[in-house]
Each structure stands twice: as structure tokens, then as C-alpha cells.
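Work through the following exercises with the coordinates open. Each task is followed by a stepwise solution.

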Amino acid sequence: CGCTVTIVGAAELGAGHSDTLGHLQGTKIDLTHTDEVDHYIENHYTYIGQLGGAHGGPQYKDACGNIYTKELGYNHWDLKVNSTCGG
């Protein structure tokens, strides 16, 4: 996005996600909301619907298959890294 991106969570234990591929396994990171980051994700990636539950919110997918969830009630995006796009 050409802007500052702040990682506020990565491989921490007890991140509250129940899936087997999550923060502890190194496949998820949390990015702080800023106007620039929010605008970039919401305008450059494909909206794929709402995720329900306590960590739910609108989800977007980039061209590489990575999924960004704007967690409602939290101050960050939850990014599930599915691919690095570079191989």
C-alpha cells in the first residue's frame, strides 16, 4: 500500500483462534487498522463475505489467496497467509 504497516500479533500463544493453522503455527498475523491499510485492503482485494463468531467481520482475498479479516470489535486485521505469491 506504500504505507506503514504495523504487526501487532504473530506467533503468540493463546491468540484465540481455534483452527489448526493459526498464529502459533506461523500462518496468521495481525495488522493494525489505519486509514491507509483499511483503504488499500478494501479497495484492492476481493470481498468474499462475512466471517461469523467472536472474531468475525468482513473478509477480503488477495490474488495469492491470502485472506484478510477485519475483526469487528478489535483494532486489527487478521491475515491468514496461504501463499507468498513468489513460489
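**Exercise 1.** Find the partner of C64 in a disulfide and state which parts of the chain the link ties together.

Solution. Step 1: search for cysteine sulfur atoms within 2.5 Å of each other, the cut-off for a disulfide. C64 is joined to C85, with S to S at 0.9 Å. Step 2: place both ends. C64 sits in the loop between strand 4 and strand 5, and C85 in the segment after strand 6, so the bond ties together parts 21 residues apart in sequence. Strands here are DSSP runs of E with at least two residues, and helices are runs of H or I with at least four, both numbered from the N terminus. Step 3: check exposure, where buried means under 20% relative accessible area, exposed over 50%, and partly exposed in between (1.4 Å probe, protein chains only). C64 is partly exposed at 27%, as is C85 at 45%.

The model is predicted: local features need pLDDT of at least 70 and side-chain atom pairs pLDDT 80 or more, while totals for chains, interfaces and linings use all residues. Residues are numbered from 1 along each chain as its sequence is written, and side-chain values use heavy atoms, without hydrogens and water.

**Exercise 2.** Describe the other disulfide, and give the pairing pattern of the bonded cysteines.

Solution. Step 1: the structure holds two disulfides. C1 is joined to C3, with S to S at 1.9 Å. Step 2: the angle about the S-S bond of C1 and C3 is -80°, making the link left-handed. Step 3: numbered in sequence order, the bonded cysteines pair 1-2, 3-4.

**Exercise 3.** Derive the strand order of the sheet and identify its edge strands.

Solution. Step 1: along the sequence the pattern is β-β-α-β-β-β-β. Step 2: pair strands where DSSP finds at least two bridges between them. This gives an open sheet of six strands in the order 1-2-6-5-4-3, with antiparallel pairing. Step 3: strand 1 (7-9) and strand 3 (46-51) each pair on one side only, and are the edge strands. Step 4: strand 1 is joined by two bridges to strand 2 (residues 28-32), and I7 has L31 as its bridge partner.

**Exercise 4.** Which residues form the largest nonpolar core?

Solution. Step 1: take buried Ala, Val, Leu, Ile, Met, Phe, Trp, Tyr and Cys residues joined through side-chain atoms within 4.5 Å. Step 2: the largest such set has seven residues, L31, V37, I41, Y60, Y68, W77 and L79. Step 3: helix 1 and strand 6 each supply at least two residues of this core.
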